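Student: I've got a model open and a few things I'd like to work through. Can you take me through it?

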Amino acid sequence: MRDSNGYKVISGHLQYHAAVLARRLNPRAGETIPAIVLESENQATASAMLKMLKFAA
């Protein structure tokens with residue numbers, strides 16, 4: 001989700017950290033990761049749905 005400093009990872013921390021490590025090895029690698037950016041008006045609903053999905057699995 002967007003925050004005052006840019007973006008905040010809500011879920012998918014492993015993909016983010018893998019991209020950071022890939023970029024250290026090769027500056028062109030890890031430039032993008034698959035992501036869904038939540039706008040502020042949708043954050044509460046999406047966060048609640050994500051919590052339900054985590055507990056359902």
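Student: Which helix gives the most residues to the lining of the largest pocket?

Tutor: Keep in mind that we're looking at a predicted model. Two helices, H1 (13–25) and H2 (43–56), each put at least two residues into that lining. The top contribution is three residues, and the helix that makes it is H2.

Student: And how much space lies in that largest pocket?

Tutor: Its lining is made up of 18 residues, and those closest to the centre are Met1, Ile10, Ser11, Ala35 and Ile36. The space in the largest pocket comes to about 550 Å³.

Student: By class, how many nonpolar residues does the lining of the largest pocket have?

Tutor: Split the lining by class and you get one charged residue and four polar ones. The remaining class is the nonpolar one, and its count is 13.

Student: Ser11 came up at the pocket centre. Is Ser11 buried, partly exposed or exposed?

Tutor: Ser11 sits in the loop between strand S2 (6–7) and H1. Beyond its neighbours within four places in sequence, it touches Leu50 and Lys54. Buried would need under 20% relative accessible area and exposed over 50%. Ser11 has 42% relative accessibility, so it counts as partly exposed.

Student: What is the C-alpha separation of Arg2 and Ala44?

Tutor: Arg2 belongs to strand S1 (residues 2–3). Leaving out neighbours within four places in sequence, its contacts are Tyr7, Val37, Leu38, Glu39 and Gln43. Arg2 and Ala44 are 42 residues apart along the chain, while their C-alpha atoms are separated by 13 Å.

Student: What is the relative accessible area of Arg2?

Tutor: The bounds for partly exposed are 20% and 50%. Arg2 falls between them, so it is classed as partly exposed, and its relative accessible area is 43%.

Student: Zooming out, what pattern does the chain follow along the sequence?

Tutor: The chain has two helices and two strands. Reading along the sequence, the pattern is β-β-α-α.

Student: Why is the chain said to be more spread out than a compact globule?

Tutor: The C-alpha atoms fill a box of roughly 35 × 30 × 15 Å along the principal axes. For 57 residues the globule rule gives 10 Å, and the chain is well over that, so it is more spread out than a compact globule: its radius of gyration is 14 Å.

Student: Last one: what share of the 57 residues is buried?

Tutor: The accessible surface is about 5,100 Å², with 60% of it belonging to carbon and sulfur atoms. Buried means under 20% relative accessible area. Of the 57 residues in the chain, the buried share is 5%.

Methods. Residues numbered from 1 in each chain as written. Predicted model: local features only at pLDDT ≥ 70, side-chain atom pairs only at ≥ 80, totals over all residues. Heavy atoms only, no water. 1 Å grid on protein atoms, 1.4 Å probe; cavity = no way out; pocket = protein on both sides within 12 Å on 5 of 7 lines; lining within 4 Å. Points joined across faces, edges and corners; volume = space filled by probe spheres on them. Helix = DSSP H or I, 4+ residues; strand = E, 2+ residues; numbered from the N terminus. Nonpolar A, V, L, I, M, F, W, Y, C, P; charged D, E, K, R; others polar. Buried < 20%, exposed > 50% of the residue type's maximum accessible area, 1.4 Å probe, protein only. Contact = heavy atoms within 4.5 Å. Rg over C-alpha atoms; globule rule 2.2 N^0.38 Å. Areas by Shrake-Rupley, 256 points an atom, 1.4 Å probe, with all protein chains shown as cover.
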